[in-house]
Amino acid sequence: VGNVEGDTSMIKEIPFGTVIEGKKVFAGVAITAWARIYEDYDDPSVTPEHRAALFPMVLMMQRWDGAAGFVGGLLDVGKSLAEQAVKEAGEEADFKVEADELTPLVSHEAERIVAHLFRCPLSCDDSSVVDVDALKDTIACAASAEHAVAEGNAFWAHLADYGRGAGWERLRNSNCLSTAVAEELDSVRAWMYANAPEGAYKGP
């Protein structure tokens, strides 16, 4: 799960699928969703606008080593990037997906690793608008995944900017993110907002 910790050198974006001799290869998947997460939230301070809005979410893993990253792992011999991402999604999050359902999103090169990230909507359609129960069910399934706990635990990360440093800004600037994950988050969030459904939360 995640990339290789301790690699804090300059990270650069490269063409998706690039293989660089001598460097480890990571294949991961960003499982995304839009949901009205505050629609039935029992808090009178939540505004009607917040209750009606769709918020961007992405499934991430809190790793065994304390770092946070995406569902994924180092490439096994003989596997394609997509096959590895599918394997890791099942082992770490009990998320069933086929290789042809994954869409390449971004690749980054760091000092010791090349990281490739696919994207996949939680729902069957690419808009990935779901209800809160679907988000909760995903976490429940992930808790029973084959490699759950031992390798880490899944959680839904908020990609919305809630203002005053909360939400996106705090996540993006966290010092607990694994190698290239901050840069990958930039790509995930940019893609989601570029393809946002009607009613998407835009910010404070």
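## Exercises on a predicted model

In this predicted model, the 17 positive and 34 negative charges of the protein have mean positions that lie 5 Å apart. The exercises below treat the whole chain, one strand and three single residues.

### Exercise 1. Overall dimensions

Determine how the radius of gyration of the protein stands against the value for a compact globule of 204 residues.

**Solution.**
- Step 1. For 204 residues, the expected radius for a compact globule is near 17 Å.
- Step 2. The radius of gyration of the protein is 17 Å, so the two values agree.
- Step 3. The C-alpha trace extends over about 55 × 35 × 30 Å along the principal axes.
- Step 4. As for burial, 49% of the 204 residues count as buried.
- Step 5. The exposed area of the protein is about 10000 Å², with 51% supplied by carbon and sulfur atoms.
- Step 6. Among contacts with a separation of 6 or more, 72% join residues 24 or more positions apart.

### Exercise 2. The surroundings of strand β3

Of the five helices and eleven strands in the protein, consider strand β3 (residues 55-63). Establish how it pairs with β2, β9 and β4, and state how many of its nine residues are buried.

**Solution.**
- Step 1. Begin with β2 (residues 24-35), which pairs with β3 in the antiparallel sense through four bridges. Here Pro56 of β3 has Trp34 opposite.
- Step 2. Turn to β9 (residues 152-158): its pairing with β3 is antiparallel and comprises seven bridges. Leu59 has Trp156 in β9 as its bridge partner.
- Step 3. Strand β4 (residues 68-69) also runs antiparallel to β3, and two bridges join them. The bridge partner of Met61 in β4 is Gly69.
- Step 4. Examine the connection: β3 and β4 form a hairpin with four residues between them, and Gly66 in the turn has a positive phi of about 95°.
- Step 5. Count the covered positions: eight of the nine residues of β3 are buried, and the strand is thus mostly covered.

### Exercise 3. Three residues classified by accessibility

Decide whether Met10 is buried or exposed, and do likewise for Glu91 and Val106. Then list the contacts of Met10, Glu91 and Val106, leaving aside neighbours within four places in sequence.

**Solution.**
- Step 1. Met10 belongs to the segment before β1 (12-14). Its relative accessibility is 74%, and because exposed means over 50%, Met10 counts as exposed.
- Step 2. Outside its sequence neighbourhood of four places, Met10 is in contact with Glu109 and Ala110. The C-alpha atoms of Met10 and Glu111 are 7.4 Å apart, although 101 residues separate them in sequence.
- Step 3. Glu91 lies in helix α2 (residues 81-93). Its relative accessible area is 13%; because buried means under 20%, Glu91 is buried.
- Step 4. Beyond four places in sequence, the contacts of Glu91 are Ala145, Glu146, His147 and Ala148.
- Step 5. Val106 is situated in strand β6 (residues 103-109). With a relative accessible area of 3%, Val106 is therefore buried.
- Step 6. With neighbours within four places set aside, Val106 is in contact with Glu13, Phe16, Ala115, His116, Leu117, Glu184 and Ser187.
- Step 7. For Val106 and Arg172, the separation is 66 residues in sequence and 17 Å in space, C-alpha to C-alpha.

Methods:
Residues are numbered from 1 along each chain as its sequence is written. This is a predicted model: local features need pLDDT of at least 70, side-chain atom pairs count only at pLDDT 80 or more; totals for chains, interfaces and linings use all residues. Side-chain values use heavy atoms; hydrogens and water are left out. Buried means under 20% relative accessible area, exposed over 50%, partly exposed in between (1.4 Å probe, protein chains only). Two strands pair if DSSP finds at least two bridges between them. The radius of gyration is taken over C-alpha atoms; the globule rule is 2.2 Å times the number of residues to the power 0.38. Contact means heavy atoms within 4.5 Å. Accessible areas come from the Shrake-Rupley method with a 1.4 Å probe; for residues, only the protein chains shown count as cover. Lys and Arg count as positive and Asp and Glu as negative; His and the chain ends are not counted. The place of a charge is taken as NZ of Lys, CZ of Arg, CG of Asp or CD of Glu.
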